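Biologist: Please take a close look at the aromatic side chains in this model. I would like the ring pairs described one by one, with their surroundings.

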Amino acid sequence: MRISSLYRQQQLSIGILDVSSVEVLKEAVDWYVANMNCTLHVITLEETFEKEGLGSLYPDVTFICFNSLVTLGEQINAFASECYASCFLVVRSDLQILGFEGGSLMALMADKSHPAMLTPVMLNQDMELMPTIRTPYLKGREIEPMSFMPSIEPGSLTPNLYPVMALGLYDRALFQRLRGYDEQIMGEFYQLLDFGVRCHLYGFPIFTCGDFALRFLSKHSIIEDRSRCEGMERAYTKALSIHRIAGKNLVEKWKPYVDKELLKSEVKTKQIILQKTDFFTLMKEWKNPEGE
């Protein structure tokens with residue numbers, strides 16, 4: 001039993017984002033300790049950790065503490081660097097797992113042609129399905145992903161442009177090879193968009209899986225802040241600067257959103273070699289879930 005437990009621990013680590021009250025966090029940690037036989041990490045503030053004595057309450061849980069509020073991407077990058085499992089699961093303290101077919105999900109991630117990550121079907125507090133599928137779309141010169149409902153059929157895999165709220169099951173080695181979330185982008189939407197688009201452009205898809213479901217305890221809907229933010233030009237530069245024509249990657253500035261330094265130091269030297277497709281081809285070939 002001990003050997004079996006250690007093997008599972010090496011396969012999966014769970015990171016719980018502390019996004020609500022201390023009481024809600026404790027309830028979440030208690031549930032995961034009782035029901036999930038793998039290593040647990042909690043991403044929280046140092047003040048909360050010390051004030052509540054969380055270390056003594058949960059000696060077998062690893063706490064990743066920040067002195068102040070940081071971006072979602074920075075939190076997940078820290079978790080990915082801290083855990084040593086082949087896959088890591090990102091959840092939040094204000095939701096519960098309704099379905100997690102561990103065997104089939106881990107087998108899918110272990111397959112030779114596995115995706116970059118699997119994202120969950122999400123339900124609100126009233127058990128209503130939420131539109132968490134995002135598809136690539138340009139409105140003028142701006143990226144405006146469209147939203148659709150996912151399939152909830154067992155075993156179903158619906159392509160998704162990026163992980164909403166960063167929730168999902170990640171391949172750790174691939175995540176780090178892709179350099180994770182861009183911490184120089186300050187807005188959550190653009191951090192998630194940047195990561196998801198990079199996965200697809202480099203040939204690693206993201207799917208929402210019908211065997212994986214999460215339910216929010218006190219949310220009726222998800223509202224994304226897509227307003228402009230510091231560093232958003234970095235997302236546009238990586239997503240739209242390369243056009244793939246006749247099997248070759250060509251660089252063209254995407255005005256007005258361009259980071260000239262990033263274009264020179266990364267896109268023209270590294271990304272142009274590694275990119276397998278472009279955003280425009282993604283839009284053309286992407287099949288929306290509702291067949292539109």
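**Aromatic contacts**

Modeller: Both phenylalanine 100 and phenylalanine 212 are buried in this predicted model. Taken over the whole structure, the count comes to 16 aromatic pairs. One of them joins phenylalanine 49 and phenylalanine 63, with ring centres 5.1 Å apart and 50° between the planes, a tilted arrangement. Phenylalanine 49 belongs to helix α3 (residues 46–52) and phenylalanine 63 to strand β3 (residues 62–66), so this pair ties together parts that are 14 residues apart in sequence. The two rings fall into separate burial classes: phenylalanine 49 counts as partly exposed at 25% relative accessibility, whereas phenylalanine 63, at 16%, is buried, because buried means under 20% relative accessible area.

The pair of phenylalanine 100 and phenylalanine 212 has its ring centres 5.3 Å apart and its planes at 85°, so it is edge-to-face; the cut-off for that class is over 60 degrees. Phenylalanine 100 sits in strand β5 (residues 95–100) and phenylalanine 212 in strand β13 (residues 206–216), so here the contact ties together parts that are 112 residues apart in sequence. As stated at the start, both of these rings are buried.

Aromatic rings also gather in a group: Phe79, Phe88, Tyr170, Phe175, Tyr181 and Phe195 form one cluster. A further contact involves a charge and a ring. The charged end of arginine 141 lies over the ring of tryptophan 254, at 3.7 Å from the ring centre.

How values were computed:
Residues numbered from 1 in each chain as written. Predicted model: local features only at pLDDT ≥ 70, side-chain atom pairs only at ≥ 80, totals over all residues. Heavy atoms only, no water. Phe/Tyr/Trp six-rings, centres within 6.5 Å; stacked < 30°, edge-to-face > 60°. Helix = DSSP H or I, 4+ residues; strand = E, 2+ residues; numbered from the N terminus. Buried < 20%, exposed > 50% of the residue type's maximum accessible area, 1.4 Å probe, protein only. Lys NZ or Arg CZ within 6 Å of the ring centre and 35° of its normal.
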